[in-house]
Amino acid sequence: MPSQIATHRRQAFERQAGRCFYCQVRMWLTSPTELPVHSSHPAQYRALQCTAEHLQARSDGGSDRAENIVAACYYCNSTRHKRKRPPEPETYLVLVESRVDRGAWHPKRVFELGLLPTKGGRSLPAGNNRGRDKNRTTGRQLRT
Ligand SMILES: [Zn+2]
């Protein structure tokens with residue numbers, strides 16, 4: 001019988017369309033062969049295994065409830081918790097995103113295989129208008 005954590009992990013995996021909460025890499029749940037790449041060394045993809053990530057670490061009193069759990073790749077999860085004080089999820093997310101943008105997170109082959117969104121090619125939800133905002137102060141001149 002799958003543990004509760006395993007259930008939450010699977011649900012989070014599906015909710016996130018199989019992508020890591022932090023780095024957006026394509027993850028696998030039960031076998032690396034789920035990845036859309038062919039490798040003679042599936043063990044290389046250990047880092048891309050889907051893990052249950054506690055937003056609030058268990059050591060900080062975080063619960064095993066669904067709302068505290070997201071799906072993160074093994075690499076992001078273990079790197080975060082390797083630190084003496086795991087950074088807040090928001091802080092860590094920003095850090096991971098900037099590393100991914102620089103191609104300095106997963107090994108190069110992960111980028112080459114298209115398992116990570118490329119810069120500018122992220123599938124962001126609609127409404128991302130960053131940089132496209134027009135300055136709308138004109139046409140409203142005040143008279144003195
Ligand atoms: Zn990740």
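## A quick tour of the fold and helix α1

Following the chain from its start, you will meet the elements in the order α-β-β-α-α-α. That gives the protein 4 helices and 2 strands. Please keep in mind that this is a predicted model. The points below begin with the whole protein and then turn to helix α1.

**Overall picture**

- The protein has 144 residues, and 26% of them are buried.
- Among contacts with a separation of 6 or more, 53% join residues that sit 24 or more positions apart in the sequence.

**The length of helix α1**

- Helix α1 covers residues 4–15, which makes 12 residues.
- With 1.5 Å for each residue, α1 should span 16 Å, and this agrees with its end C-alpha atoms, which are 16 Å apart.

**The two sides of α1**

- Which residues of α1 are buried? They are H8, R9 and F13.
- These buried residues lie on the same side of α1, because the arc they cover around the axis is only 140 degrees.
- E14 and R15 are on the other side of α1, where they are exposed.

**What α1 packs against, and what follows**

- The partners of the buried α1 residues are the two strands β1 (50–54) and β2 (69–73).
- So if you have H8, R9 and F13 in view, look for β1 and β2 as the elements that the buried residues of α1 pack against.
- After α1 comes A17, and its phi is positive, near 55 degrees.

Note on methods. Residues numbered from 1 in each chain as written. Predicted model: local features only at pLDDT ≥ 70, side-chain atom pairs only at ≥ 80, totals over all residues. Buried ≥ 20, exposed ≤ 12 C-beta atoms within 10 Å, placed from the backbone. Contact = placed C-beta atoms within 7 Å. Expected span 1.5 Å × (residues − 1). Arc of directions from axis to C-beta.
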